[in-house]
Amino acid sequence: MLEDKRINYIELPANDFSSTKAFYGKVFGWTFQDYGDNYIAFNDGRLDGGFYRSPLKSDSTKEGAALVVLYADNLEATLKRITDAGAEICMEIFSFPGGRRFHFLDPSGNELAVWSDK
């Protein structure tokens with residue numbers, strides 16, 4: 001059932017679908033559906049989204065890019081999985097009112113963050 005006035009779908013650019021699927025599948029357990037040569041959809045277990053083939057990237061929140069923020073029960077373990085999978089940490093773990101988070105660049109160079117309230 002779709003919920004009125006809720007974020008329903010998110011799309012990000014990706015320049016290499018194989019590495020994108022391998023990274024998000026390994027680190028976060030996402031599943032994928034291919035739609036031709038230029039689009040892959042994902043499901044994170046709750047939210048659907050997709051990656052469109054593009055050399056562009058959403059990589060600078062300092063310049064106004066939107067930030068996708070994922071949640072993790074164990075921030076340090078998630079950071080380790082991300083770095084073990086080859087992603088770059090672009091902002092180390094820091095505290096803020098209500099929790100802690102870090103930012104990383106995915107295989108296509110998109111900046112995302114992971115936070116935890118623990």
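## Exercises on a predicted model

Lys5 is exposed, with a relative accessible area of 78%. The model is predicted.

**Exercise 1.** Classify Lys5 as buried or exposed, then place the residue in the chain and state the sign of its phi.

*Solution.*
- Step 1. The relative accessible area of Lys5 is 78%. Exposed means over 50%, so Lys5 is exposed.
- Step 2. Lys5 sits in the segment before strand 1 (9–14).
- Step 3. Its phi is near 65°, a positive value in a residue other than glycine. Most residues other than glycine have a negative phi.

**Exercise 2.** Describe the largest pocket: its space, its lining and the elements behind the lining.

*Solution.*
- Step 1. The space in the largest pocket is about 280 Å³.
- Step 2. Its lining includes Ile7, Trp30, Phe42, Asp44, Arg46 and Leu112.
- Step 3. Two elements, strand 1 and strand 5 (68–71), give two or more residues to this lining. Strand 5 gives the most, with three residues.
- Step 4. Sort the lining by type: ten residues are nonpolar, none polar and two charged.

**Exercise 3.** Work out which residues have the most contacts inside the largest nonpolar core, and which element gives the most to this core.

*Solution.*
- Step 1. The core has 22 residues. Those with the most contacts inside it are Phe23, Tyr24, Phe51, Ile82, Phe102, Phe104 and Val114.
- Step 2. Elements that each supply at least two core residues include helix 2 (75–84), strand 7 (99–105) and strand 8 (111–116).
- Step 3. Helix 1 gives the most, with four residues.
- Step 4. Take Val114. Leaving out residues up to four places away in sequence, its contacts include Leu70, Leu75, Ile82, Phe102 and Phe104.

Technical notes. Residues numbered from 1 in each chain as written. Predicted model: local features only at pLDDT ≥ 70, side-chain atom pairs only at ≥ 80, totals over all residues. Heavy atoms only, no water. Buried < 20%, exposed > 50% of the residue type's maximum accessible area, 1.4 Å probe, protein only. 1 Å grid on protein atoms, 1.4 Å probe; cavity = no way out; pocket = protein on both sides within 12 Å on 5 of 7 lines; lining within 4 Å. Points joined across faces, edges and corners; volume = space filled by probe spheres on them. Nonpolar A, V, L, I, M, F, W, Y, C, P; charged D, E, K, R; others polar. Core = buried A, V, L, I, M, F, W, Y, C linked by side-chain atoms within 4.5 Å. Contact = heavy atoms within 4.5 Å.
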